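Biologist: I should like to learn how the features of a protein model are read. Could we go through them one at a time, with the general idea placed before the case?

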Amino acid sequence: MLNRRHYRVKVMQTIYAMHQHESDSLDKEEKFLLQSIDNSQDLYLVMLSIFDELQLKERTYLELASKKHLATKEEQNPNLKFVNNSFFKILANHAAFYDKLEERKIDNWKRNDDCIIFLLDAIKESDLYKRYIAVETNEFKKDIFFMYDVFNEIIAPNEKLYDYLEDFKITWVDDIPVINTLISKQIKAIKSFDDSIELPQVFKDLDDKEFVRNLFRKTVLNEVEFAKEFENKTPNWDKERIAELDTIIIKMAICELLKFPSIPVKVTLNEYLEIAKEYSTPKSSIFINGILDNLVKDFQGSEKLKKSGRGLL
């Protein structure tokens with residue numbers, strides 16, 4: 001579900017938190033790290049379950065409105081196109097999805113239906129919905145395209161929803177874009193009623209899980225050693241002037257260069273420069289790029305850089 005850059009970010013954040021709390025418990029912090037990654041599956045389920053709750057909330061509203069004493073003609077014969085959307089039907093037949101909701105005790109929208117009501121109102125007020133509901137005929141392809149657009153244009157960018165998710169679990173903040181992208185791709189990939197949504201695993205395989213554990217432990221256990229590798233490579237920077245996040249990023253990159261023989265040098269450099277651009281100071285990527293370039297040359301010259309496989313240098 002998550003990619004390796006995302007894992008690297010999680011490790012970086014965990015090490016940073018360790019520094020802030022002056023923690024030295026590897027087992028405790030590793031448990032927190034793995035839990036924060038595991039929580040991404042809950043976020044996926046919470047986001048996907050929005051559709052289920054939207055359909056339920058609208059169907060309930062239409063049924064209650066039709067039973068009013070002075071119900072209008074429109075309320076007595078409501079337009080059911082939205083609640084009968086093909087995507088809702090596919091999700092309703094997804095037994096594994098509901099089993100997973102129960103297993104992981106995902107009931108956020110049962111306890112916080114104000115978000116669902118807000119999203120439903122936003123959908124029904126949109127031109128997207130008005131154009132969709134105005135066409136009487138149902139077409140599977142158009143049903144899926146409509147839900148794809150609803151998710152990308154109304155649900156995913158909704159600030160109220162984002163605030164709720166952030167408040168509910170702070171570790172979800174960095175996961176939200178990844179999960180939204182995944183769900184968007186899954187909806188778009190549906191071509192027929194025979195298709196279903198494959199519930200993703202937290203880790204693609206055991207190698208990914210070992211990568212996370214090893215990157216975390218090897219970086220933390222060798223921080224002093226890794227710091228020595230670049231302490232003389234920053235002549236114009238006092239230690240106090242180097243952002244703490246930058247030093248963590250550099251140490252993690254050194255860890256990959258020296259302790260992960262199967263990861264290409266270019267991959268390591270590109271990954272950490274992108275992380276620095278997104279999470280550290282504006283000039284960090286330039287600073288880190290210079291440090292890592294010099295370190296790679298030194299490691300190659302001293303034969304510290306031992307990569308196995310073709311094209312890894």
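Biologist: Which residues does Ser36 touch, not counting residues up to four places away in sequence?

Modeller: This is a predicted model, and every statement that follows concerns that model. Ser36 touches Lys10, Thr171 and Asp175 when residues up to four places away in sequence are not counted. Ser36 itself is found in helix 2.

Biologist: Is Ser36 buried or exposed?

Modeller: Ser36 has a relative accessibility of 5% and therefore counts as buried. Its side chain also has a polar partner: a polar atom of that side chain lies 2.7 Å from the backbone oxygen of Leu33.

Biologist: How far apart are Ser36 and Glu210 in sequence and in space?

Modeller: They are 174 residues apart in sequence, and the distance from C-alpha to C-alpha is 15 Å. Glu210 also belongs to a network of salt bridges, together with Asp27, Glu30, Arg213 and Arg217.

Biologist: What is the general idea behind a salt bridge, and how many does the count give here?

Modeller: Side chains of opposite charge can pair when their charged atoms come close. In this model the count comes to 20 salt bridges. One of them joins Glu53 and Lys110, whose closest N and O atoms are 2.9 Å apart. Glu53 lies in helix 2 (residues 26-66) and Lys110 in helix 6 (residues 108-111), so this pair ties together parts that are 57 residues apart in sequence.

Biologist: Are Glu53 and Lys110 buried or exposed?

Modeller: Glu53 counts as buried, at 10% relative accessibility. Lys110, at 53%, counts as exposed.

Biologist: Which residue forms a salt bridge with Lys57?

Modeller: Lys57 pairs with Asp113, and the closest N and O atoms of the two are 2.9 Å apart. Here too, distant parts of the chain are linked: Lys57 is in helix 2, Asp113 is in helix 7 (residues 113-125), and 56 residues separate them. Lys57 is partly exposed at 27% relative accessibility, and Asp113 is partly exposed with a relative accessible area of 33%.

Biologist: How is the salt bridge between Lys100 and Glu103 to be read?

Modeller: The closest N and O atoms of Lys100 and Glu103 are 3.6 Å apart. The two residues are three places apart in helix 5 (residues 95-103), so about one helical turn separates them. Glu103 counts as exposed, at 52% relative accessibility.

Biologist: What is a disulfide, and how many does the count give?

Modeller: A disulfide is a covalent bond between the sulfur atoms of two cysteines. For this model the count comes to zero disulfides. As for individual cysteines, Cys115 counts as buried at 5% relative accessibility, and Cys255 counts as buried at 0%.

Biologist: Where does Gln55 lie, and which residues is it in contact with?

Modeller: Gln55 lies in helix 2. Leaving aside neighbours within four places in sequence, Gln55 is in contact with Val83 and Phe88. The side chain of Gln55 reaches the backbone oxygen of Val83 at 3.0 Å. With a relative accessible area of 17%, Gln55 is buried; the label follows because buried means under 20%.

Biologist: How does one find a pocket, and how much space lies in the largest pocket?

Modeller: Rolling a probe the size of a water molecule over the atoms shows where empty space is left. In this model, about 350 Å³ of space lies in the largest pocket. The lining of that pocket has 14 residues, and Leu62, Glu74, Pro78, Asn79 and Tyr129 lie nearest its centre.

Biologist: Which helices supply at least two residues of the lining of the largest pocket?

Modeller: Helix 2, helix 3 (73-76) and helix 8 (127-134) each do so. Helix 2 gives the most, with four residues.

Biologist: Which residue in the loop between helix 1 and helix 2 has a positive phi although it is not a glycine?

Modeller: That residue is Glu22, with a phi of about 55 degrees. Glu22 lies in the loop between helix 1 (4-21) and helix 2, and it is exposed, with a relative accessible area of 72%. Lys105 is another residue other than glycine with a positive phi, near 55 degrees. Lys105 has its place in the loop between helix 5 and helix 6 and counts as exposed at 69% relative accessibility.

Terms used: Residues numbered from 1 in each chain as written. Predicted model: local features only at pLDDT ≥ 70, side-chain atom pairs only at ≥ 80, totals over all residues. Heavy atoms only, no water. Salt bridge = Lys/Arg side-chain N within 4 Å of Asp/Glu carboxyl O. Buried < 20%, exposed > 50% of the residue type's maximum accessible area, 1.4 Å probe, protein only. Disulfide = S-S within 2.5 Å. Polar contact = N/O pair within 3.5 Å; in protein donor to acceptor, adjacent residues only side chain to side chain. Contact = heavy atoms within 4.5 Å. 1 Å grid on protein atoms, 1.4 Å probe; cavity = no way out; pocket = protein on both sides within 12 Å on 5 of 7 lines; lining within 4 Å. Points joined across faces, edges and corners; volume = space filled by probe spheres on them.
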